[in-house]
Structures are given as structure tokens and as C-alpha cells.
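Visitor: Could you take one part of this model and go through it closely, strand by strand, and then follow the contacts outward from there? I would like the cut-offs stated as you go.

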Amino acid sequence: MRVLGVFLCIAVFSLNSFAQISKSQLAGQMNPIISSVAFLTIAPDSRAGAMGDAGVATSPDIHSQHWNAAKYAFIESSSGLSLSYAPWLRGLGINDINLLYLAGYKRLDDQQVISGSIRYFSLGEIIFTDFEGTAQGNYNPNEFAIDATYSLKLSEYLSGALGFRFIRSDLTGGRSFSGGAETKAGTAGAADLGFYYQRDANFSDKTGQYAFGLNISNIGTKITYSDDVPSDFLPAILRLGGRLTLDMDEYNSFSFTLDLNKYLVPTPPIYSDDDPDVIEYGMDPDVPLFTGIIQSFYDAPGGAKEEMNEIFYATGVEYLYREQFAIRAGYFHENENKGNRKYFTMGVGIKLNVFGLDFSYLAPTSGQQSPLANTVRFTLTFDFDKYNGVAE
């Protein structure tokens, strides 16, 4: 209950504070993007988690479902399965909030792959109380999403993917609160669209590969937890990225990757000091889905500079020995006025035949405590039979 209460207080305070900002405070103010079901944006796997949360153009793996399912069309195995576990808020002494992620894929032929995943976020146990502090019952809030995706190789070097997602977020158990407001579980549907390009190349006396990826996630219906309040946008996000892999010799290789990300959600406007219902800077965020996506590129109250601040990046490096042992590191950076998430990551991975195990660790650098700070995440993977029909 403490955690949920803190989150709600922060959200209410932030929304109220926007209405009190004057013109002279416009430049350099805190103005983060606001959306629901943020658990959809958490990096679920330890490989990407060790590479600064970069994954849209990394080499194809089981976890492509989250980052860019178009990569599955170039994966070398016929099928695979993975289970990831991420503890949440362990640095604050909270032990019952966790993210579980199960993903898998199956190759149909040289060009086609189907895949799916289940993501479950448990928010622990909360105790509901009235204004006098009398306990009104316990509840375990939770959120989950179920994905299904189809990936297709469009040419020798290019692939695409289309995925669909069902989302359910139950934070209150249907309880009624002060004023008689009734709550319910929020549900929504969403789609993902991705493209991936990879090609082998020669670099001086070295062989290697370069790749580019594009993915748009969580394009879907708005979500609400009560018929008495407006609906909120899902955390739609655009990812653009590239990768360069250098084979140092027969056994050793290095991969370098960079992702640029932007939320496709309207930026909160600045309201008038005289009338909190009048927008003084920015644009009305209460718009339909596709209007909001387009508007997100030019609606920031601070203009072009603030729009650029909304781009956050992730970069990582991976050393691989004999495709069996990996050492990884990365860095994630978000502008201080848009959330201020800044952290280094690191991790290792080992693969023996079909079995693999990956670990990652996160170290914040912005002075803010990260929900994943000082915790180890792990992923268990199973890659089955090699599929020799895949074009290199």
C-alpha cells in the first residue's frame, strides 16, 4: 500500500503542479510524458538489460518479441523458449514486486515465424484503509499482457513483423473509493509494427555484419480504471536503432548497438495561472489515438528544444566468445526534465547446447534511485534445433 500510495501522490502532485507554472518557468521545467501501464516498457530480458536496454537491432534472439519481432525472420534456430525474472524495488526493501516474462517462437519455413509472450507484473500486497485508517481489506494488484506476432522475411536482407497485444491492469480489485467512484480493471488492445535489415560485410581485414531496426510498440486503445475519469494513453513508443558486429577471428566478436527512442504520446501542456482549464503553452492532450501519435512530434510547450529532449537513447556493447560466453555493458540516458533515468548496466551470459543463462545488473548515475538498482535479473533460455535454411 505504501508503494502504491507514493506513486499516486507523485502523479497527483505532478498533474496539479503543471497548472501552477507561469510563463517565466517554461524553459527547463520538469515535464515528463504521462501514460498508463508503464510495465509494458520495462526491459524484460537480461541480455538487453545488460546492454543499456538496447534491443531493436541487436542480433536476433528469443527476446526479439519485446524489442523488434521482425528479427525472428533471421533467427537461426527452429524454435525457442525463454523465462525472465526481474525483482522490482529491492533497493527500497520491498520484496513482493516482480516482473515475469515468458516468450517463445516457432519457425514455419524459410520466410515465416510465429511468436508470442506473456508478461506478468505483480505489485505485491496492499492494504486498503478508510480516512480513519481502518483496514478495509487486502489485495494483490497485478498487470499482464499477452502477445502474438507474425514475422515475415520480405527479401534476402529485410524482414517485417506485425503483432497484437491484450492488456489487463487491475490495481484496485474493483473497490469503490471516496465520493462513490467505482473502479474496475483496465483493459486495452494494442499492436506492434517492426522492420529489420541485416547484412554481412567486410571491414578491412575483418568480417562482420551491420543491421538496422525500426519498431513501433503499443499502438492501441486508451485505458481507464473508472467510468468517472478520462482514459489514458498506452505507452506507445518508437524505436530506431543500428548495430555493428566485428568478427575479430574465428572465435571472438564484438557488437556495438545504439537505440533512439521516443514516446508517441502527447506532451502535457502548460495551463494558464488565471484559468486552469486554459492551455497557455502546448496543445490539448485529450485527443484520439492517431491524432495523439502525430501530435507527439510537435506539441511540446517548450518547442523544438523540448521535443529533442524527449528522445532518449540506449547504447550497448557485447563481447562473444565461440557463441557460448558473453560479456555485456551499456548505458541508458533520459533528459533530466523528461524522467531523468540515467544508468549503466552490465552482465554476462553463457550458452551450452540448447540451454542458456543470462544475468544483468543496473547501476544508477543520475542520483535517483532506480526500481532495478542493486538487483540481479536473470533469463533462462532454450534454443532448439538449428535451422539451416535461413539465408545469411
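Guide: Strand 15 and strand 16 (residues 342–352) run antiparallel and are joined by nine bridges; helices (H or I, at least four residues) and strands (E, at least two) are DSSP runs numbered from the N terminus, and two strands pair if DSSP finds at least two bridges between them. This is a predicted model, in which local features need pLDDT of at least 70 and side-chain atom pairs count only at pLDDT 80 or more, while totals for chains, interfaces and linings use all residues. Residues are numbered from 1 along each chain as its sequence is written, and side-chain values use heavy atoms, with hydrogens and water left out.

Within the pairing of strand 15 with strand 16, Ala-329 has Met-346 of strand 16 as its bridge partner. Strand 15 (residues 325–333) also pairs with strand 14 (residues 312–321), again in the antiparallel sense and over nine bridges. At the turn between these two, Tyr-321 stands opposite Phe-325 in strand 15, and the hairpin has three residues between the strands, with Arg-322 taking a positive phi near 55°.

Charged side chains can be followed from here. Glu-336 forms a salt bridge with Lys-342, the closest N and O atoms being 3.6 Å apart, where a salt bridge means a side-chain nitrogen of Lys or Arg within 4 Å of a carboxyl oxygen of Asp or Glu. Lys-342 is buried at a relative accessible area of 12%, whereas Glu-336, at 42%, is partly exposed; buried means under 20% relative accessible area, exposed over 50%, and partly exposed in between, with a 1.4 Å probe and protein chains only. Arg-47, Asp-61, Glu-318, Arg-328 and Asp-358 are linked in a network of salt bridges, and a search of the whole structure finds 17 salt bridges.

Another of these pairs joins Asp-286 to Lys-222, with 3.8 Å between the closest N and O atoms. Because Asp-286 lies in the loop between strand 13 (279–281) and helix 4 (289–295), and Lys-222 in the loop between strand 9 (206–220) and strand 10 (237–247), the pair ties together parts that are 64 residues apart in sequence. Asp-286 counts as exposed at 58% relative accessibility, while Lys-222 counts as partly exposed at 23%.

Arg-168 and Asp-170 form a salt bridge as well, their closest N and O atoms being 3.8 Å apart; Arg-168 is partly exposed at 30% relative accessibility, and Asp-170 is buried at 8%. Both residues also meet Asn-142, which, leaving aside its neighbours within four places in sequence, is in contact (heavy atoms within 4.5 Å) with Tyr-120, Phe-121, Arg-168, Ser-169 and Asp-170. Asn-142 lies in strand 6 (residues 142–153) and is buried, with a relative accessible area of 15%. A polar atom of the Asn-142 side chain lies 3.2 Å from the backbone oxygen of Asn-140.

Phe-121, one of the contacts of Asn-142, leads on to the nonpolar interior. In the largest nonpolar core, which has 33 residues, those touching the most other members are Val-37, Phe-39, Trp-88, Ile-97, Phe-121, Ile-167 and Leu-234. Strand 14, the hairpin partner of strand 15, supplies at least two residues of this core, as does strand 8 (186–203). Apart from it lies another core of 14 residues, among them Ile-75, Ala-103, Tyr-105 and Ala-211. A nonpolar core is here a set of buried Ala, Val, Leu, Ile, Met, Phe, Trp, Tyr and Cys residues joined through side-chain atoms within 4.5 Å. In soluble globular proteins, nonpolar side chains tend to be buried together.

One loop residue shows another approach between parts distant in sequence: Thr-41 and Ser-217 are 176 residues apart in sequence, yet 9.2 Å apart in space, C-alpha to C-alpha. Thr-41 is found in the loop between helix 1 (2–18) and helix 2 (46–50), is partly exposed at 21% relative accessibility, and, not counting residues up to four places away, touches Pro-235 and Tyr-263.

For the whole, the protein chain has five helices and 18 strands, and 48% of its 392 residues count as buried. Among contacts in the chain with a separation of 6 or more, residues 24 or more positions apart account for 60%.

Notes. Polar contact = N/O pair within 3.5 Å; in protein donor to acceptor, adjacent residues only side chain to side chain.
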